[in-house]
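Dear colleague,

Please find the structure below, handed over for your own work. A summary of the findings follows it.

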Amino acid sequence: MITPGPGFMSNIFLETKLKQRHSQLRKKMGEMQMLNDAETEKVKMLERKLAEKQMEEQEESEAFESMVQQVEKNLQMMTKRAVRAEHTVTKLKEEIAHLQVQLGNCQVENKTLRHVESVSLHAAKQHAQLALEN
């Protein structure tokens, strides 16, 4: 049988201390791994949320762009309508002016015809009266 030497107890003591330290480090490593896993999950969740927000912003941006294009299209159509309306107003004003000239001419002609009719009627009355007198 071998008898342990004087350093045997100190070796056992060191080995026990090393095992304790090893156990503490493993425990600490396990805790750190759990913390790391939790942080990794948190990062993944935040990345998903970021991707969702970016998608929402993209969709909102596209919807806004579509609205802007629709407004621009509506403005173009309204501008065309306004130009057509202005053109129509100009034509109608010209037609009104032309009709007013025609109305004036008709009024003058009507006045002339009434005057001629009046003169003719007066002359006919005079002829009739002369005829009655003779």
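**Surface patches and conventions**

V71, L75 and M78 form a nonpolar patch on the surface, and their accessible area together is about 290 Å². A patch here takes residues with over 30% relative accessible area and no salt bridge, joining nonpolar side chains (Val, Leu, Ile, Met, Phe, Trp, Tyr) within 5 Å and like charges within 9 Å. Accessible areas come from the Shrake-Rupley method with a 1.4 Å probe, and for residues only the protein chains shown count as cover.

This is a predicted model, in which local features need pLDDT of at least 70 and side-chain atom pairs count only at pLDDT 80 or more, whereas totals for chains, interfaces and linings use all residues. Residues are numbered from 1 along each chain as its sequence is written, and side-chain values use heavy atoms, with hydrogens and water left out.

A second patch, of negative charge, gathers E57, E59, E60 and E62 on the surface. Asp and Glu count as negative and Lys and Arg as positive, while His and the chain ends are not counted. The place of a charge is taken as NZ of Lys, CZ of Arg, CG of Asp or CD of Glu.

**Overall form**

The protein chain has one helix and zero strands. Helices (H or I, at least four residues) and strands (E, at least two) are DSSP runs, numbered from the N terminus. Helix α1 covers residues 8-133, and M78 of the nonpolar patch has its place there. E57 of the negative patch is also in helix α1.

The C-alpha trace of the protein chain spans about 190 × 20 × 15 Å along its principal axes. Its radius of gyration is 56 Å, whereas a compact globule of 134 residues would have a value near 14 Å. That radius is taken over C-alpha atoms, and the globule rule is 2.2 Å times the number of residues to the power 0.38.

Two C-alpha separations illustrate the spacing along the chain. R84 and Q20 are 64 residues apart along the chain and 95 Å apart in space. For S10 and M29, 19 residues apart in sequence, the separation is 28 Å.

**Exposure and charge**

What share of the 134 residues in the protein chain is buried? Buried residues make up 0% of them. Buried means under 20% relative accessible area, exposed over 50%, and partly exposed in between (1.4 Å probe, protein chains only). R84, in helix α1, is exposed at 52%, and E57 is exposed at 53%. S10, also found in helix α1, is partly exposed at 38%.

The accessible surface of the protein chain comes to about 13000 Å², of which 61% belongs to carbon and sulfur atoms. The protein chain has 20 positive and 20 negative side chains, with the centres of the two sets 8 Å apart.

**Salt bridges**

Side chains of opposite charge can pair when their charged atoms come close. The structure holds two salt bridges, the criterion being a side-chain nitrogen of Lys or Arg within 4 Å of a carboxyl oxygen of Asp or Glu.

- E15 pairs with K19 in a salt bridge, the closest N and O atoms being 3.3 Å apart. The two residues are four apart in helix α1, which means a separation of about one helical turn. E15 is partly exposed at 43%, whereas K19 is exposed at 53%.
- K53 forms a salt bridge with E56, with 4.0 Å between the closest N and O atoms. K53 and E56 are three residues apart in helix α1, again about one helical turn. E56 is partly exposed at 40% relative accessibility.

With kind regards
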